[in-house]
Amino acid sequence: MLATVKRAVLIVNPYSTHVSGRRITEVESVLRAHAEVDTRFTRAPGHATELAAEAAASRVDAIIVFSGDGTYNEALNGADGAVPFGFIPGGGTSVFPRALGLPRDPAEAARAVGSALEEGRMRRISVGAVNGRRFSFSAGIGFDAEAVRRLNELGRDPGGARPGDIAFMRTIAKMLFERRARWDPQLEIEGIGRAAFVLVAKGDPYSYAGSVPLRVTPRARFEDGIDFAAPQRVRPVDVPRLLMTILRGSDHDPTVLRGHDLDRIVVRCDRPLPLQSDGEDLGDVDEAVFEAKRDAISVLV
């Protein structure tokens, strides 16, 4: 009997928005009904990459991450995909597990992940990469990366949590006001054309505003390659139309350059522009190569 017990490493970011001592205990209790669990806490940025690499090398049956999207990203960059991943929502938005169809409640998500581990129920998906760094659901140059940077500049609360959805929407509104809702072409997508900014996705939705899905690339699927949407330019008159396009999940706007199920996108910027990956600021870049890593990981869902 002991030989059949599954072993899992649970990586926890204790500073994620919705991670608390009580919720950690609940998640551990639920998972232990399905597997032997070794809990490890992140101590600094980048630590989840090390913990995931150590877990993969120890030949456990699963690496389960209880955190927000940034820590999921770190963990994905630490393991080679041979060990299945489980993702439990602990961040302010936690786009990745929600887009995979997992419950928003951490205990319920842990129950689904634990059951999938015990039953061997997995979904094989692709991931993206930008300049060699993997991402799970989104990356972008320009607009969304600038918003991520501005949000980070607001700092964290005393418990270490990042600002939430309301702060993010205020940040977007402030950007629109300061720029007078004008974005001119400032980058070139190789073989496609010039655009104001580019949003690259591995799934649908691209993100969430509270409970509302933001469907920037409605045909994107986790099993496929990468999709992108890139408005050629933005003026105040365009903003309502672009917003409705995202809310409705439409991809028929002729002013937006698009690509679906691609293996590679090369973007060259007129000047250094901010780059984000899974909501993490990766600094300014002159050029970015986005790639699809097909059939890369197994996820417990």
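Which residues is I63 in contact with, leaving aside its neighbours within four places in sequence? Select I63 and look around: V9, I11, A52, A55, A56, A79, V83, P84, F85 and G86 are in contact with I63, where contact means heavy atoms within 4.5 Å.

Before moving on, a word about what is on your screen. This is a predicted model, in which local features need pLDDT of at least 70 and side-chain atom pairs count only at pLDDT 80 or more, while totals for chains, interfaces and linings use all residues. Residues are numbered from 1 along each chain as its sequence is written, and side-chain values use heavy atoms, with hydrogens and water left out.

**Stop 1: the nonpolar core**

Now add I11, V65, F85, F87 and F96 to I63. Of the 29 residues in the largest nonpolar core, these six touch the most other members. A nonpolar core here is a set of buried Ala, Val, Leu, Ile, Met, Phe, Trp, Tyr and Cys residues joined through side-chain atoms within 4.5 Å. Buried means under 20% relative accessible area, exposed means over 50%, and partly exposed is in between (1.4 Å probe, protein chains only).

To see which elements build this core, colour strand 1 (7–12), helix 2 (47–57), strand 3 (62–67), helix 3 (69–76), strand 4 (85–89), helix 4 (95–99), strand 5 (122–130) and strand 16 (280–300); each supplies at least two core residues. Helix 2 gives the largest share, five residues. Helices (H or I, at least four residues) and strands (E, at least two) are DSSP runs, numbered from the N terminus.

**Stop 2: helix 3 and E74**

Select helix 3 next. Eight of its eight residues are buried, so helix 3 is largely enclosed by the rest of the structure. You can click through D69, G70, T71, Y72, N73, E74, A75 and L76 to visit them.

Pause at E74, which counts as buried because its relative accessibility is 14%. Beyond four places in sequence, E74 touches P45, G46, H47, A48, T49 and R133. The side chain of E74 reaches the backbone nitrogen of G46 at 2.9 Å, a polar contact (a pair of N or O atoms within 3.5 Å; within protein, one must be able to donate a hydrogen and the other to accept it, and residues adjacent in sequence count only if both atoms are side-chain atoms). Draw a distance between C-alpha atoms too: E74 and A48 are 26 residues apart along the chain, and 5.5 Å separates them.

**Stop 3: N13**

Go to the loop between strand 1 and helix 1 (21–31), where you will find N13. N13 is buried, at 15% relative accessibility. What does the side chain of N13 reach at 2.9 Å? One partner is the backbone nitrogen of Y15, and a polar contact of 2.9 Å also joins the side chains of N13 and T71. Not counting residues up to four places away in sequence, N13 touches V19, T42, F66, S67 and T71.

**Stop 4: V130**

V130 sits in strand 5. Is V130 buried or exposed? With a relative accessible area of 1%, V130 is buried. Show F135, A139, L275, S277, L282, A288, V289 and F290, which V130 touches beyond four places in sequence.

**Stop 5: the cavity**

Select T217, P218, R219, D227, F228, D251, R258, G259 and H260, which line the largest cavity. A cavity is a set of points, on a 1 Å grid over the protein atoms alone, where a 1.4 Å probe fits but cannot get out; lining residues have an atom within 4 Å of a point. The largest cavity holds about 50 Å³ of space, where a volume is the space filled by probe spheres set on the points, and grid points are joined across faces, edges and corners. Strand 14 (256–262) provides the largest share of the lining, three residues.

**Stop 6: backbone details**

Most residues other than glycine have a negative phi, and most peptide bonds are trans. Select S94, which has a positive phi of about 50° although it is not a glycine; S94 is buried, with a relative accessible area of 2%. R180 has a positive phi of about 55°, and at 68% relative accessibility R180 counts as exposed. Finish at D204 and P205, where the peptide bond is cis, with omega near 10°.

Technical notes: On a 1 Å grid over the protein atoms alone, a cavity is a set of points where a 1.4 Å probe fits but cannot get out, and a pocket is an open set with protein on both sides within 12 Å along at least five of seven lines; lining residues have an atom within 4 Å of a point.
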